[in-house]
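Visitor: I should like to go through the aromatic residues here. Could we take them step by step?
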Amino acid sequence: MRRLIPLKLALVSVLIAACVTINVYFPAAAAEKAADKIIEDVWGKEQAPAADPSSDKTSNLAPIATSRLLLAAAGAVVNFVIPAANAQVDLDVSTPEIRAITASMESRHGSLVRYYSSGAIGLTADGLIEVRDQNAIPLPERNAVRQLVADENRDRAALYAQIAKANGHPEWEADIRDTFAKRWIAKAQSGWYYKEGGGWKQK
């Protein structure tokens with residue numbers, strides 16, 4: 001009987017840990033998929049690499065058969081009582097607010113693309129854009145470009161917040177922003193600039 005007490009405590013710990021994990025779970029693969037879809041809508045169709053499948057980690061609390069049975073039972077209970085995290089395969093990016101922001105960014109991209117290509121503006125590590133070299137912008141166009149950058153950053157910030165809100169997790173905003181920041185850079189055209197470690201690099 002005494003040998004079962006630690007196993008019961010382990011079972012309770014597994015259940016508690018599972019609840020906490022489910023509550024704070026951020027669907028990274030789904031966020032990448034959503035980011036790629038929106039980037040394709042804004043920038044046009046580009047080759048998007050498939051998201052890496054996430055691997056589940058398993059652990060053995062004890063080598064004896066009894067502990068294995070208890071752990072298996074714990075997993076069954078968790079999956080029955082709490083929906084599995086992997087059940088959420090998509091993020092909702094189709095709300096009217098998100099569609100309006102995406103349309104605004106798409107219409108602006110035609111004006112921004114030549115400044116990406118010239119190196120005048122670049123992508124930042126926090127999911128925004130920035131004037132990198134104003135000397136690459138003709139003097140009469142500089143104010144207009146600064147306004148384009150400000151408008152784009154306003155829409156991008158609103159997009160990240162709206163995706164988090166639309167999916168019932170406003171606390172995911174920072175994670176969504178980070179995911180988009182990586183995907184903007186990954187899908188940028190060759191020759192465009194991006195910021196990494198505080199410095200500019202050319203793709």
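Visitor: To begin with, are F180 and W184 buried or exposed?
Guide: In this predicted model, F180 and W184 are both buried.

Visitor: Where do F180 and W184 lie?
Guide: Both belong to helix α6, and they are 4 residues apart, about one turn of the helix.

Visitor: And how many aromatic pairs does the structure hold?
Guide: There are 7 aromatic pairs. One of them joins W43 and W184: the ring centres are 4.9 Å apart and the planes stand at 55°, so this pair is tilted.

Visitor: Which parts of the chain does that pair link?
Guide: Distant ones: W43 is in helix α2 (residues 28-43), whereas W184 is in helix α6 (residues 173-186), with their positions 141 residues apart. W43 is buried, as is W184.

Visitor: Back to F180 and W184: why is the pair tilted?
Guide: Its planes meet at 50°, so the pair is classed as tilted, given that stacked requires under 30 degrees and edge-to-face over 60. The ring centres of F180 and W184 are 6.2 Å apart.

Visitor: Which residues form the aromatic cluster?
Guide: W43, Y116, Y160, F180, W184 and W192 together make up one cluster.

Visitor: A change of topic, then: charges over rings. Which residue lies over the face of W184?
Guide: That is R156, at 3.8 Å from the ring centre of W184.

Visitor: And what lies over the face of Y193?
Guide: R132 does, at 3.7 Å from the centre of the Y193 ring.

Methods. Residues numbered from 1 in each chain as written. Predicted model: local features only at pLDDT ≥ 70, side-chain atom pairs only at ≥ 80, totals over all residues. Heavy atoms only, no water. Phe/Tyr/Trp six-rings, centres within 6.5 Å; stacked < 30°, edge-to-face > 60°. Helix = DSSP H or I, 4+ residues; strand = E, 2+ residues; numbered from the N terminus. Buried < 20%, exposed > 50% of the residue type's maximum accessible area, 1.4 Å probe, protein only. Lys NZ or Arg CZ within 6 Å of the ring centre and 35° of its normal.
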